[in-house]
Amino acid sequence: MIAASQGRLQDRRPVSIIDIGSNSIRLVVYEGLARSPTMLFNEKMLAGLGRGIVSTGKLDPEAVTRAMEEFRRFRSLSEQAGAVHMHVLATAAAREAENGPDFIRRAEDVLGTEVHVLSGRQEAYYSALGVISGFEPANGIAGDLGGGSLELVDVAGTTIGDGITLPLGGLRLQDMAGNSLEVATKIARIEVARAKLLKAGQGRTFYAVGGTWRNLARLHMEKTGYPLGVMHHYEIDPASAMSFLKQVAKGNIERIKGIEGVSKARRALLPYGAIVQKEIITAMKPSRIIVSAVGVREGYLHSLLPAAEQTADPLLSACEELARLRSRSFTHVRELVEWTSESFRTFGIEETVNEARYRKAACLLADIGWRAHPEYRGTQSLNIIAHAAFLGVDHPGRAYLALTNLFRHEGLFSGLAPAFHELATPRYLERARILAGAMRVVYLLSAAMPGVIPQLRWRKRDDGVLALVIPKNLSGLYGERPAARVTQLGKVLGLRMVLAVEGQPDVIVAK
């Protein structure tokens, strides 16, 4: 057993997945089986196994040789990382090539374990399960574009419809079209027309899965000057997407802003990915395109979880883990979750399901920056939260979580991170200030330690004043600073508020 540092969750045992795709081969070692899995190690190689498979019917021989060498290395890396299980998945190229069975046998000898060759239906299923694991809830059509195939499947909550596999992976489409983008467009149009399930997606979400589409989304971010460089849950309006995809589909990609951030091995496939997505949008007419950073690997991992864990909230699960690792007291932040729930009801603030989830998440994350220098706790916490590998949260929600922590440390009207103010929307911005204002009160009263928050009670007086009442046994915690912060919270809410001690007269706080 490899000794884990205190920065690791001690109850986890690493597990690895090797994903053998038509274009890339990837090793991911996860910290352990969890509702919101954390990558411990991640590496890939662009082998190009499926290059030329249309004309030869076989896996590229040079790519096979390179893959075997990489398998040896991936096995050693998996063992070095302490993985107790290694799962190996193979997709389109390996299942369709004439020499696929021989390749699989050799791979199993090198890796020392069974290789699961997924059928097209299984690949679509695990891709859909990955999308379900990453969105709360998922509702639309998931499209997973690989090097050899495109899987399309309907997802609605936890329900997965029948999927379809089309021969529209980037490498395959390039090969079938003889490197002609015009021919590729005709092929894609004919093949996408076979996907009758797309009609059921009209007005719903299209979830774009796969490396080619993620790279296209990153270029779209660059083009539009988007302020948050997080790929998961990046949302694109179909009209904006079509305009951009038409540009990429012409093939003049070297002039596109940000193209230097895409590896040269991937660039040639971008126009083909753009062509396929363009045809899907035309056929489906989705309300929005959302990029998913999770797919087959995460779906397969999700399938290994007990049923009870599969239904857990991915965002709250991840935030609880971060709170255990970084906060001064996990009990304290959980007390904060319950107390703010009661407080928002007292304030008359109604929350949607997502708003309640985001408030709970923000409370769990409220103390993750305490080890930083006081002058930088706010900005450091904002950056950690904004760019964390969270699932089950959209980008405005991320901004809500990040700004709450910023305001908690820097003040309720901090002008830092103006782009996040806009991303959060006015409603989330207001909620972030209210929640941060409540946090700024209780942290001064509790010293970030448990036991105090559950004893604080809101009491509405006959004169209309809302008092936060400290019990007599904790009267020593009363002071000018927390009293002033209660008054400030009241101003944000448009309420008259005071801090009081049970059975004692109010103290006038200087403005």
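Okay, so Asp19 stands opposite Arg26 in strand 2. The strand numbers come from DSSP: strands are runs of E, at least two residues, helices are runs of H or I, at least four residues, and both are numbered from the N terminus. Strand 1 (residues 15-20) and strand 2 (residues 25-30) run antiparallel, joined by six bridges. For two strands to count as paired, DSSP has to find at least two bridges between them.

Quick word on where this comes from. You're looking at a predicted model, where local features need pLDDT of at least 70 and side-chain atom pairs count only at pLDDT 80 or more, while totals for chains, interfaces and linings use all residues. Residues are numbered from 1 along each chain as its sequence is written, and side-chain values use heavy atoms, with hydrogens and water left out.

Back to that sheet. What is the order of its five strands? It goes 3-2-1-4-5, and the sheet is open with mixed pairing. Strand 3 (39-45) and strand 5 (115-117) each have a single partner strand, so each has one side without a neighbour in the sheet. From one strand to the next, the twist averages 15°. Angles here run from 0 to 180 degrees between N-to-C directions, with axes being lines fitted to C-alpha atoms, for helices over the stretch in contact. Now find helix 2 (residues 61-80): it lies across strand 1, strand 2, strand 3 and strand 4 (85-90), at about 170° to strand 3.

Let's jump to the other end of the chain. Here three strands make an open sheet, in the order 13-14-15, again with mixed pairing. Its edges are strand 13 (457-460) and strand 15 (497-501), each pairing on one side only. The average twist from one strand to the next is 30°. Strand 14 (residues 466-470) pairs with strand 15 in the parallel sense, over five bridges, and Val469 has Ala500 in strand 15 as its bridge partner. Packed on this sheet is helix 20 (residues 480-493), touching strand 13, strand 14 and strand 15, and its direction makes about 150° with that of strand 15. Touching means contact, that is, heavy atoms within 4.5 Å.

Zooming out to domains, the assignment gives domain 1 (15-117), domain 2 (121-298) and domain 3 (314-501); bounds like these come from an automatic or database domain assignment. How far apart are the centres of domain 1 and domain 3? Taken over C-alpha atoms, 45 Å. Four residues of domain 1 are in contact with five residues of domain 3. Between them the two domains bury about 410 Å², 49% of it on carbon and sulfur atoms. That's the accessible area (1.4 Å probe) that two parts lose on being put together, summed over both.

Next, helix 12 (residues 296-303). Seven of its eight residues are buried, so the helix is largely enclosed by the rest of the structure. Among them are Arg297, Glu298 and Tyr300. Buried means under 20% relative accessible area, exposed means over 50%, and partly exposed is in between (1.4 Å probe, protein chains only). On the exposed side we have Gly7, at 54%, in the segment before strand 1. The C-alpha atoms of Gly7 and Leu322 are 9.7 Å apart, with their positions 315 residues apart along the chain.

Last bit: how many disulfides are there? Zero, searching the whole structure, where a disulfide is a pair of cysteine sulfur atoms within 2.5 Å. For Cys319, the nearest cysteine sulfur is that of Cys363, 10 Å away. Cys319 is buried, at 0% relative accessibility, and Cys363 is buried too, with a relative accessible area of 0%.
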